[in-house]
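Subject: Structure handover

Hi,

Here is the structure I promised to pass on to you. Have a look at it first, and then read on for what turned up.

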Amino acid sequence: MGVELPATQYAKSGDVNIAYQVTGDGPFDLLFVPGFVTHLELGWSLPSFAPALERQSSFARLIRFDKRGTGMSDRVGGAPTLETRMDDVRAVMDAVGSRRAAFYGLSEGAAMSILFAATYPERTAALVVRSAFPRRMWAPDYPWGRTEEEYEREVERDLRIFGPREEALRATQAFGPFEAEEAQNFLDYLRYGSTPGSLEALHRMNKEIDVRHVLPAVRVPTLILHGSEDTMVPIEVANYMASRIPTARVAVVPGAGHLSFGAPALRVVTEIERFVTDVWAAGGWEEAEPERVLATILFTDIVGSTEKAVRLGDRAWRELLQRHHSLIRRELVRHRGAELDVAGDGFFARFDGPARAVRCARAITDGVRDLGLEVRAGLHTGECELIDGKVGGIAVHIGARVAKEAQPGEVLVSSTVRDLVAGSGLRFRERGSVELKGVPDEWRLYAVEESAQ
């Protein structure tokens with residue numbers, strides 16, 4: 001083997017250990033974001049996988065990791081959100097000293113890579129996605145997704161991996177053509193990389209993924225790879241994504257399926273090498289301040305503030321307002337939000353993760369009740385212009401308009417926020433479609449349920 005088997009190391013993400021490996025010493029970093037199930041060390045034992053790993057390590061510093069709950073990373077309850085997975089990636093990048101990397105996201109890993117590239121463009125030099133889908137399930141405006149029945153059949157098929165060995169071997173055939181001996185090794189790879197409970201939780205979370213609204217916010221050079229023999233994701237999905245990502249182009253890889261093995265896998269790597277090397281040569285890793293970024297915007301304001309100020313008098317109202325401000329600032333720190341502006345009794349803040357933003361808003365609306373106050377809160381996730389350290393643009397206006405639609409004590413979010421918190425445990429109640437003043441189109445809004453954690 002051309003590459004010596006690497007040591008597995010661990011990065012701490014919160015209280016979870018994320019297993020990672022680094023191979024190669026190329027001039028730039030290539031970070032692989034896996035789909036489904038992986039096992040860092042067993043991957044090298046598969047003849048269909050190892051040559052592609054060696055090849056990627058020949059032109060870049062290849063960074064690979066096992067998602068939390070899979071492979072050699074810590075097992076966790078349920079399935080992590082895309083937001084949590086982004087935290088894990090940043091923990092791995094920090095551990096290996098990677099300031100900026102080209103991302104290679106496979107299958108479900110593509111959705112997280114797309115979200116990362118839009119949210120952290122300063123850490124993303126280029127984006128490659130393969131066998132990618134921005135949404136898993138069918139919708140009237142997304143006819144390539146799975147129906148409920150189709151999805152349930154896929155879940156049942158994949159869970160047979162943990163059944164009797166002969167039945168499990170038949171289930172692996174959905175992933176690609178293996179020789180008999182390698183099919184045995186691939187089955188072990190999947191079994192050691194997951195458990196029935198964690199795999200089912202992963203499927204349930206993936207079912208809720210929808211990053212379609214994020215696609216136009218990706219501004220880094222993007223290559224969408226699609227296997228000519230991919231029977232799980234049709235080519236129309238690749239073309240759909242390319243039509244919405246301003247910097248994207250599609251390349252079809254002959255002979256490659258949803259997963260690629262042997263010669264097709266090396267053809268995939270050839271496409272990746274050509275693309276990321278061109279980005280490197282064009283200065284794609286040079287320091288550059290992004291002009292736009294994906295962010296979650298939060299607006300809050302006190303309900304009936306004028307009447308309360310008149311009733312309390314200037315001094316008492318000023319003291320109450322200070323306690324209100326202190327409470328909100330504590331919650332912003334706790335949930336990694338950035339205060340952008342305060343106008344009277346209203347706060348304007350941004351977050352790099354929508355679930356954190358929702359939980360912060362919920363904590364604020366709950367906390368101020370102890371002060372005898374009610375606030376309304378509105379959230380929207382969208383592409384924002386960066387202006388002197390602050391954000392502006394249509395996404396900010398939408399966030400402000402959503403907040404105005406909220407009832408006293410309510411946290412109201414746009415459909416974009418709701419779609420991006422899959423797997424978070426947050427629950428929503430549909431409030432219907434509304435026209436937001438000064439904003440085109442109708443917007444579906446959702447109220448966060450009181451018991452959401």
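In which sense do S9 and S11 pair, and over how many bridges? They run antiparallel, and five bridges join them. Before going further, please keep in mind that this is a predicted model.

Let's stay with those strands for a bit. One contact to look up is Ile 297, whose bridge partner in S11 is Arg 350. S11 also has strand S10 (residues 338–343) as an antiparallel partner, again through five bridges. On that side, Asp 341 is the residue standing opposite Phe 348 of S11. S10 and S11 make a hairpin with two residues between them. Gly 344 sits in that turn and has a positive phi of about 65°. As for cover, S11 is mostly tucked away, with five of its six residues buried.

Now for the rings. The structure has 14 aromatic pairs. Take Trp 280 and Trp 285: their ring centres are 5.6 Å apart and the planes meet at 65°, which is over the 60 degrees needed, so this pair counts as edge-to-face. The two differ in cover: Trp 280 is partly exposed, at a relative accessible area of 34%, while Trp 285 is buried at 8%.

Phe 299 and Phe 348 give you a stacked pair instead, with 4.7 Å from centre to centre and 0° between the planes. This one takes us back to the strands: Phe 299 belongs to S9 (residues 292–302) and Phe 348 to S11 (residues 346–351), so the pair ties together parts that lie 49 residues apart in sequence. Both rings belong to buried residues: the relative accessible area is 17% for Phe 299 and 12% for Phe 348.

Which residues do Trp 280 and Trp 285 join in a cluster? Ring pairs link them with Phe 28 and Phe 59.

Finally, two arginines are worth a click:

- Arg 136 has its charged end over the ring of Phe 133, at 4.2 Å from the ring centre.
- Arg 418 does likewise with Tyr 446, its charged end sitting over that ring at 4.3 Å from the centre.

If you want a place to start, try Phe 348: it stacks on Phe 299, and it faces Asp 341 across the strand pairing.

Cheers

Conventions. Residues numbered from 1 in each chain as written. Predicted model: local features only at pLDDT ≥ 70, side-chain atom pairs only at ≥ 80, totals over all residues. Heavy atoms only, no water. Phe/Tyr/Trp six-rings, centres within 6.5 Å; stacked < 30°, edge-to-face > 60°. Buried < 20%, exposed > 50% of the residue type's maximum accessible area, 1.4 Å probe, protein only. Helix = DSSP H or I, 4+ residues; strand = E, 2+ residues; numbered from the N terminus. Lys NZ or Arg CZ within 6 Å of the ring centre and 35° of its normal. Pairing = 2+ DSSP bridges.
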